[in-house]
Amino acid sequence: LESVAYGGECIAHVEGRVLFADYGIPGEEVTVQIYEDRKDYLRGRVTAVHDPSPDRRAAPCVYFGHCGGCQWQHVAYERQLVLKTEIVREQLRRIGHFEDADVRPCLASPEEWGYRNQVRFTAKRRGDLGYISRYEKRFFRVDECLIAAPFTNQVLQQLQGQGAGLHQLQVRTSAQTGDYLIQPAFDGVDLPFETGQASYTERLGGRDFVVSASSFFQVNVPQAEQLARLAIEGLRPKAGDVVVDAYAGVGTLAALVAPLVSRVIAIEEAPAAVADSRLNLAGLDNVQMVLGKVEDVLPQLEDDVDGVLLDPPRQGCFPQVLQAVIEKRPRNLVYVSCDPSTLARDLRVLVDGGFLLQSVQPLDMFPQTYHIECVATLRG
Ligand SMILES: C[S@@+](CC[C@H](N)C(=O)[O-])C[C@H]1O[C@@H](n2cnc3c(N)ncnc32)[C@H](O)[C@@H]1O
């Protein structure tokens, strides 16, 4: 096994074809059982390790290898961070054609386990709660999830077997406030907690944020605090600045940057998140929250802006968003990304449009998985 791909698989070359192997570690010599055989590539999973990496460990979760959630529990945590840094460098090189971008070493998550504040369980007709398997895409019952918050596992213990009639069960909880949200409601079941709430309260950067059941909030809050700090540092906010917070969610970053600048224009398309943000931004009268799609709102914006913060979903930004940013040419541009491949694609457009890429800081928001968060800082 030579290197690692974005997706968590290891790459090897076999008789002129690329092989993607699940559950390996670069440097290992392994036996791989093939499950997909295509003309130019193969996919398989490691079934025996002949020459194990010193970073191989026993996966602590009984569902590991079967569950679709975690890919890397068999890899020592320090090595997971190294792999993530390598993936970001490789995506920037291959997709963005950045040969020598300043990609910093991936920052460790404060919590390696129990970090997820949000889990969606699938319910089976009989009432069992669980997840969907990686390969067969079939339901399986789960009695404990090691990356979920401890409260979520308590809820799971109480509600396991009682999900008859549901499709899904959403559990969200804040370790910082102790608040939680469980949807949908459970009737006729005697539980030590309430179910069926519309929203719950998170705390980040010393502020409370109301989050509705359908609104986005970062899943790993202590790490999201590091992310927010880096994003705001990258904006180099000054007292007179006008800043755009595009893809603003419930107003998290807008609320944290608002006290440092003259004005924030926040853009978000989800009505529930915008409704949450009205509560979260109360008292900050220099924030203007706009309900709409960034690709519609940003090109129409007439104000001169000093800083732009982009925090799009995995698909990245539409071309008209990047074009609008290039035309506005803010002094400071921060791109927060949860997908290094679309980040690399969009950074290339921004740099060709005149921005200077200063640095890319990967952060581990999702230990035990291949997912990677990055904060890229650019200057106009
Ligand atoms: C990765 S989240 C970032 C949220 C926020 N910045 C935070 O840190 O909590 C992306 C957000 O963009 C919103 N969104 C997705 N596509 C959008 C679009 N085209 N225009 C505006 N908002 C969009 C989603 O509803 C979601 O709230």
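Let's start in the middle of a sheet: V119 has V171 in strand 9 as its bridge partner. Keep in mind that this is a predicted model. The V119–V171 pair belongs to a longer match-up, in which strand 6 (residues 118-123) and strand 9 (residues 168-173) run antiparallel and are joined by 5 bridges.

**The sheet**

Strand 6 also pairs with strand 7 (residues 129-132), again in the antiparallel sense, over 2 bridges. There, A123 stands opposite L129 of strand 7. What links strand 6 and strand 7? The two form a hairpin, with 5 residues between them. One residue in that turn, G127, has a positive phi of about 120 degrees.

Moving along, strand 7 and strand 8 run antiparallel too, with 3 bridges joining them. Here G130 finds its bridge partner in strand 8, namely R141.

Put together, you get an open sheet of 5 strands with antiparallel pairing, in the order 8-7-6-9-10. Its edges are strand 8 (139-141) and strand 10 (180-183), each of which pairs on one side only. From one strand to the next, the twist averages 35 degrees.

Which strands does helix 2 touch as it packs on the sheet? Helix 2 (residues 150-159) touches strand 6, strand 7, strand 9 and strand 10. The direction of helix 2 makes about 145 degrees with that of strand 9.

**The ligand site**

Now for the ligand, which is surrounded by 16 residues. The closest are Y247, E268, V294, E295 and D311. By type, the shell divides into 8 nonpolar, 3 polar and 5 charged residues.

Here are some N/O distances between protein and ligand:

| Residue | Protein atom | Ligand atom | Distance |
|---|---|---|---|
| T252 | side-chain N or O | oxygen | 3.3 Å |
| V294 | backbone N or O | nitrogen | 2.9 Å |
| E295 | polar side-chain atom | nitrogen | 2.9 Å |

So how much of the ligand is covered by the protein? On its own, the ligand exposes 600 Å², and the protein buries 89% of that. Two elements give two or more residues to the shell: helix 4 (252-257) and helix 6 (294-297).

Those ranges tie back to the table. T252, whose side chain has an N or O atom 3.3 Å from a ligand oxygen, falls in the 252-257 range of helix 4. V294 and E295, both among the closest residues, fall in the 294-297 range of helix 6. V294 uses a backbone atom towards a ligand nitrogen, while E295 has a polar side-chain atom 2.9 Å from a nitrogen of the ligand.

How values were computed:
Residues are numbered from 1 along each chain as its sequence is written. This is a predicted model: local features need pLDDT of at least 70, side-chain atom pairs count only at pLDDT 80 or more; totals for chains, interfaces and linings use all residues. Side-chain values use heavy atoms; hydrogens and water are left out. A residue is near a molecule or strand if one of its heavy atoms lies within 4 Å of it. A polar contact is a pair of N or O atoms within 3.5 Å; within protein, one must be able to donate a hydrogen and the other to accept it, and residues adjacent in sequence count only if both atoms are side-chain atoms. Accessible areas come from the Shrake-Rupley method with a 1.4 Å probe; for residues, only the protein chains shown count as cover. Helices (H or I, at least four residues) and strands (E, at least two) are DSSP runs, numbered from the N terminus. Ala, Val, Leu, Ile, Met, Phe, Trp, Tyr, Cys and Pro count as nonpolar, Asp, Glu, Lys and Arg as charged, and the others, Gly among them, as polar. Two strands pair if DSSP finds at least two bridges between them. Axes are lines fitted to C-alpha atoms, for helices over the stretch in contact, and angles run from 0 to 180 degrees between N-to-C directions. Contact means heavy atoms within 4.5 Å.
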